[in-house]
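User: I've got a model open and I'd like to learn how to read its features one at a time. Can you walk me through it?

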Amino acid sequence: MTLSAILDWNKGGGLLPAIVQDADTLQVLMLGYMNEAALSKTMDTGLVTFHSRSRETLWTKGETSGNTLALVSLEADCDADAILVTARPTGPTCHEGTVSCFGDEGSSGVGFLGYLDTLIRERKAADPDSSYTAKLLQGPLVKAAQKVGEEGVEVALAAVAETDAEFKGEAADLIYHLLVLLAAKDVPLSDVVAVLQDRHK
């Protein structure tokens, strides 16, 4: 059965709320409304499309600004009267220029790792003299791998011989360098998370 067939379009008079979440950072980006035509166009084009209640027409996010939402997945809620859209944004989602329509604080918690992963990958094309990250990414792979090894040892030593604050700092260094190594290997953080999820089943 298709998603459209599962959804209860009658509840909202043919329109259902669609909550958009960043697939990588898990941050809620915006709320829009979809009818069956908007849902169909979203699935056909891979770009998130809504129904404008004020203009009574379909609109694809970013059709004028270029700040599109690339579809990752769609899911109905338990009552079949709301849609969860996960997507990857190109540029800010809000018309006010912020990442999210719900404020400009950016992702937080574990979602920040997704943001950091994206930021690190963007540095692959940067001038290596402009940042330590770009220099690591554009240098030999063995250098990035060595840094992970070094930081791993420092975390282990800090766990048994240093303060909690120092241990946290070393752990942060390890996570950062691991993200750099993943980027150097062209392995998305989401792939590693998927492995952990599979092991948890």
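User: Let's start with Asp24: how exposed is Asp24 by relative accessibility?

Analyst: First off, this is a predicted model. Asp24 has 25% relative accessibility, so Asp24 falls in the partly exposed class, which runs between 20% and 50%.

User: And which side chain does Asp24 meet in a salt bridge?

Analyst: The general idea is simple: side chains of opposite charge can pair when their charged atoms come close. Here the partner of Asp24 is Arg88, with 2.9 Å from N to O. Arg88 is partly exposed too, at a relative accessible area of 37%.

User: Where do Arg88 and Asp24 lie?

Analyst: Look at strand β6, residues 83-89, for Arg88, and at the loop between β1 (16-22) and β2 (28-34) for Asp24. The two parts are 64 residues apart in sequence, so the salt bridge ties together stretches from separate places along the chain.

User: How many salt bridges does the structure hold?

Analyst: Seven. One of them joins the side chains of Lys124 and Asp186 at 2.5 Å, N to O. Lys124 sits in the loop between α3 (111-122) and α4 (132-138), and Asp186 in the loop between α6 (164-184) and α7 (189-200), so this pair links parts 62 residues apart in sequence. Lys124 is partly exposed at 29%, while Asp186 is exposed at 55%.

Another pair is Lys201 with Asp198, at 3.3 Å from N to O. Lys201 is exposed, with 81% relative accessibility. There is also a network of salt bridges that links Lys147, Glu150 and Glu151.

User: Now pockets. How much space lies in the largest pocket, and which residues lie nearest its centre?

Analyst: The trick for finding one is this: rolling a probe the size of a water molecule over the atoms shows where empty space is left. In this structure the largest pocket holds about 560 Å³. Its lining has 19 residues, and nearest the centre are Ala23, Asp24, Leu189, Ser190 and Val193. So you've met Asp24 before, in the salt bridge with Arg88. Elements giving two or more residues to this lining are β6, α3 and α7, and α3 has the largest share, with six residues. By class, the lining splits into eight nonpolar, seven polar and four charged residues.

User: What about the second largest pocket: how many residues line it?

Analyst: Sixteen is the count to look for, written 16 in the model's tally, and Asp22, Thr25, Val99, Tyr115 and Thr118 lie nearest the centre. β6 and α3 each give two or more residues to the lining of this second pocket, with α3 giving the most, five residues. The space comes to about 370 Å³. Its lining divides into six nonpolar, six polar and four charged residues.

User: Last one, the inside. Which residues touch the most other members of the largest nonpolar core?

Analyst: As a rule, in soluble globular proteins, nonpolar side chains tend to be buried together. In this case the largest nonpolar core has 17 residues, and Val20 and Met34 touch the most other members. The elements that give two or more residues to this core are β1, β2, α2 (36-45) and β6. Try clicking on Val20: leaving aside neighbours within four places in sequence, its contacts include Val28, Phe50, Leu69 and Val85. There is also a second, separate core of 10 residues, with Leu136, Tyr176, Leu182 and Leu189 among them. Leu189 is also one of the residues nearest the centre of the largest pocket.

Conventions. Residues are numbered from 1 along each chain as its sequence is written. This is a predicted model: local features need pLDDT of at least 70, side-chain atom pairs count only at pLDDT 80 or more; totals for chains, interfaces and linings use all residues. Side-chain values use heavy atoms; hydrogens and water are left out. A salt bridge is a side-chain nitrogen of Lys or Arg within 4 Å of a carboxyl oxygen of Asp or Glu. Helices (H or I, at least four residues) and strands (E, at least two) are DSSP runs, numbered from the N terminus. Buried means under 20% relative accessible area, exposed over 50%, partly exposed in between (1.4 Å probe, protein chains only). On a 1 Å grid over the protein atoms alone, a cavity is a set of points where a 1.4 Å probe fits but cannot get out, and a pocket is an open set with protein on both sides within 12 Å along at least five of seven lines; lining residues have an atom within 4 Å of a point. Grid points are joined across faces, edges and corners, and a volume is the space filled by probe spheres set on the points. Ala, Val, Leu, Ile, Met, Phe, Trp, Tyr, Cys and Pro count as nonpolar, Asp, Glu, Lys and Arg as charged, and the others, Gly among them, as polar. A nonpolar core is a set of buried Ala, Val, Leu, Ile, Met, Phe, Trp, Tyr and Cys residues joined through side-chain atoms within 4.5 Å. Contact means heavy atoms within 4.5 Å.
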